[in-house]
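Please open the model in your viewer and keep the selection panel at hand. The tour below proceeds from one selection to the next.

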Amino acid sequence: MIPLDLSLFGTDPWWLVVIKVLVLFVVLLVWTIFNVWYERRLVGKMQHRLGPIMNGPFGLGQALADGAKLLVKEDFRPASADRILFTVAPLIAGTAAFTAWSVIPFGGEVEIFGVKTRLQLTDLPISVLVILAVASVGIYGFVLAGWSSNSPYSLLGALRSSAQMISYELSMGLALVAVFLYSRSMSTSEIVEAQGQPFVLDLQLGGFRIHWDWGMQSWYFLLLLPSFVIYVISMVGETNRAPFDLPECESELVSGYLTEYSGFRYATYFLAEYINMATVSAVATTLFLGGYHAPWPINALIPAVDQGWWGPLWFMLKVQLLISLFVWLRGTLPRFRYDQFMTLGWKWLIPISLVWVMVIATFRIARNLAWFSNPLVMGGTVVVILALFAIWWLLDREPEPPEPEAETTFDAFAGGYPVPPMPGQKLPELADVVPSKLDAERTDA
């Protein structure tokens, strides 16, 4: 892949930077309002309900009414809460939610008022790491909310949230390593452009050569399917969404870290949750689904729709499909137990991610060094894979069940155990139950 010229970023005039910031801010706010309505309508359809229909056409005004209600609602703070941190916590969560979008590309190169620019606020050689770092900072907004509230429910919800988000950030980060290895970049725009190139398989296996050129774009969700599946699971856990909404489970912790919040500060957390849901979906679109590129075969049949101002349309459609996945999970799956949830992350997702990263790294090195053209290396690889499979099969075999013990008649009164008698039932004499024990006592006396 030919690296992009990142010097184009950072050279925009100040007025263009202001326009990009304002447009990005407005788009995220409007998109959040739409997603609130969209989730209610979609869940209503799944549950054979109508959803919001009264306020505005198709109920579109319901989300606006809820936002206005939260803005004018009384915003109180418990007397025992920390005065400063109680207010700073939602600001941290909200700021982190908006900041992550500064390095996400909405489209390719366009011209705005005679200035050539890209539909992206900025880009860096390590943009994906910036997104992960901003997400880590956002955790402080949830932890401080629970601690500053001075409430047991809020504190437990904050502890759950921090443990959950830290745990699933590990599996999420490991899922992205394979993307870095394939694209050879951590820049979001370069990763998108790498997926826009046609996929060509050219592999030498001993004396055989495999060459396949279908003309299809090399989207990484096909090439790195295990990484994509692990990332999708991790992004649901990272955003505290159902069925992983354990920090806010109303059946145990009321509302978790949000229990003591109301009014505008509560609205800030509500906004941050939906923006974070769109953020992780945008990262999945950028790193696995080709970003702002049109899907195949549309891009092959109509190349004009895969460039210029068409990019934001394809990007937002892909992100909306992933948001639909969030809604689908909420409407169909029950909530996990917390121990099941942490077991999934630590005992399954992280080990599988580590093994998958080692496999991808080994494959890339083998391809660069032409190991596949050596018959000895190919034969040794097959032998090692078969040996590992045999070891796994032997270790995974279930032990033979023990032989069932002979059935014995259960006597509730054996040993004189004081079982209350049933109505009308007469208990046997103690001497009839344990005569040997009474005879021994009399002999000792």
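Helices here are DSSP runs of H or I of at least four residues, numbered from the N terminus. The structure on display is a predicted model.

**First stop: the helices around the pocket.** Select helix H1 (14-46), helix H2 (61-72) and helix H3 (85-99), then add H10 and H12; each of these supplies at least two residues to the lining of the largest pocket. The volume of this pocket is about 1,300 Å³. Its lining comprises 45 residues, and those closest to the centre of the pocket are Val36, Tyr266, Phe270, Glu273 and Tyr274. Colouring the lining by residue class should give 22 nonpolar, 10 polar and 13 charged residues.

**Second stop: helix H10.** Which helix gives the most to the lining of the largest pocket? It is H10, with nine residues.

**Third stop: H10 against H12.** Display H10 (residues 263-288) together with H12 (residues 311-332): their axes come within 9 Å and cross at roughly 125 degrees. Because angles of 65 to 115 degrees count as roughly perpendicular and only those over 145 as roughly antiparallel, H10 is oblique to H12. The crossing of the two helices is right-handed.

Now show the side chains at this contact. On H10, select Tyr274, Met277, Ala278, Val280, Ser281, Ala282, Ala284, Thr285 and Thr286. On H12, select Phe315, Lys318, Val319, Leu322, Ile323, Phe326 and Arg330. The residues of this contact comprise 11 nonpolar, three polar and two charged.

**Last stop: Tyr274.** Centre the view on Tyr274, which is one of the residues of H10 in contact with H12 and is also among those closest to the centre of the largest pocket.

Conventions: Residues numbered from 1 in each chain as written. Predicted model: local features only at pLDDT ≥ 70, side-chain atom pairs only at ≥ 80, totals over all residues. Heavy atoms only, no water. Axes fitted to C-alpha atoms, helices over the stretch in contact; angles between N-to-C directions. Parallel < 35°, antiparallel > 145°, perpendicular 65-115°, else oblique. Left-handed = near helix turned anticlockwise from the far one by under 90°. Contact = heavy atoms within 4.5 Å. Nonpolar A, V, L, I, M, F, W, Y, C, P; charged D, E, K, R; others polar. 1 Å grid on protein atoms, 1.4 Å probe; cavity = no way out; pocket = protein on both sides within 12 Å on 5 of 7 lines; lining within 4 Å. Points joined across faces, edges and corners; volume = space filled by probe spheres on them.
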